[in-house]
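Hi there,

Here's the structure I said I'd pass on. Have a look first, and then read my notes below.

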Amino acid sequence: MTPSIKLTYFDFEGIGEQIRLALLLSGTPYEDDRVSFSEWDALKPMFPFGQLPVVTVDGGPMHAQSNSILRWVGREFSQTLYPASEALEIDEAIGLVQDLADSWMPCFFVNYAPDKYGHAKGFHTTEPGKKVVEAVRSKWLGNELPRFAGYLIGLIEKNGGGMWLTSPNGPTIADCKLIPLLRSFTLGFYDHIPPNCLDKYPELVEYIQRFCALEPIQGRYVDGVH
Ligand SMILES: N[C@@H](CCC(=O)N[C@@H](CS)C(=O)NCC(=O)O)C(=O)O
């Protein structure tokens, strides 16, 4: 019997969305618990590692770390999302998607918590700070995005039969991890990252559209590349 699953994350796509997508594709019912930023400061100490997402199963303890939860969903609730026979390819692709996410992190934090990088708090709101944010993001757009787009398209062509990231047979948890990350760059949410930034990679645009056309996902998104 399927246990009672509660997934807690913020009320946006982010790294919680990859787990929601895997739950949807596996047809697993779950409680989609969304925390607002206004309540977060008060709630943060109650969560393991002070971060989201977390999952609870049958009212048991909370478990954190998005990649672990994603693998758990793929393993426990699906024959096709994370089959043992394809684990090496899937984990390889997950590692690559994580590298892309990590490459973006300085671009995100320089405009959110610049003190992480040795700047003064609030630096991003100053004129010199705004120039740094623009420079860091433009550099990422010119160097890192094309590099990773090439790697991802290579995997889709080599392992995924031109269809998916790791297998021609259907999406896996690696695709669930990649889709929200790619979509985040097309939402117009980030300054200096134009929503059409993936247009020069039609293979990736078609890949996102293919995923969003899957029956459990259809109609889920109304903005970004979909
Ligand atoms: N390695 C963790 C990272 C979790 C993480 O960075 N969560 C962010 C949201 S994407 C968070 O909770 N931020 C709020 C905070 O740190 O106070 C995972 O993959 O789950």
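Before the strands, one bit of vocabulary: two strands count as paired if DSSP finds at least two bridges between them. Also keep in mind that this is a predicted model.

Let's start with the strands. S1 covers residues 5–10 and S2 covers residues 31–35, and they pair in the parallel sense, with five bridges. If you want one spot to click on, try Thr-8, whose bridge partner in S2 is Asp-33. Together with helix H1 (residues 14–25), S1 and S2 form a β-α-β unit, and it's a right-handed one.

Next, the nonpolar cores. The largest has 55 residues, and the ones that touch the most other members are Leu-152, Leu-165, Leu-182 and Tyr-207. Several elements give it two or more residues, among them S1, H1, helix H5 (127–158) and helix H7 (202–212). Which element gives the largest share? That's H4, with nine residues.

Tyr-207 is worth zooming in on. Leaving out residues up to four places away in sequence, Tyr-207 touches a group that includes Ile-156, Trp-164, Asp-175 and Leu-182. There's also a second, separate core of eight residues, with Phe-10, Val-35, Trp-40 and Ala-64 among them.

Last stop: Ser-103, which sits in helix H4. Is Ser-103 buried or exposed? Its relative accessibility is 15%, so Ser-103 counts as buried, the cut-off being under 20%. A polar atom of the Ser-103 side chain lies 2.8 Å from the backbone oxygen of Leu-100. Further along the sequence, beyond four places away, Ser-103 touches Trp-140, Glu-144 and Phe-148.

Cheers

Conventions. Residues are numbered from 1 along each chain as its sequence is written. This is a predicted model: local features need pLDDT of at least 70, side-chain atom pairs count only at pLDDT 80 or more; totals for chains, interfaces and linings use all residues. Side-chain values use heavy atoms; hydrogens and water are left out. Helices (H or I, at least four residues) and strands (E, at least two) are DSSP runs, numbered from the N terminus. A crossover is right-handed if, with the strands pointing away from the viewer, the path from the first strand over the helix to the second runs clockwise. A nonpolar core is a set of buried Ala, Val, Leu, Ile, Met, Phe, Trp, Tyr and Cys residues joined through side-chain atoms within 4.5 Å. Buried means under 20% relative accessible area, exposed over 50%, partly exposed in between (1.4 Å probe, protein chains only). Contact means heavy atoms within 4.5 Å. A polar contact is a pair of N or O atoms within 3.5 Å; within protein, one must be able to donate a hydrogen and the other to accept it, and residues adjacent in sequence count only if both atoms are side-chain atoms.
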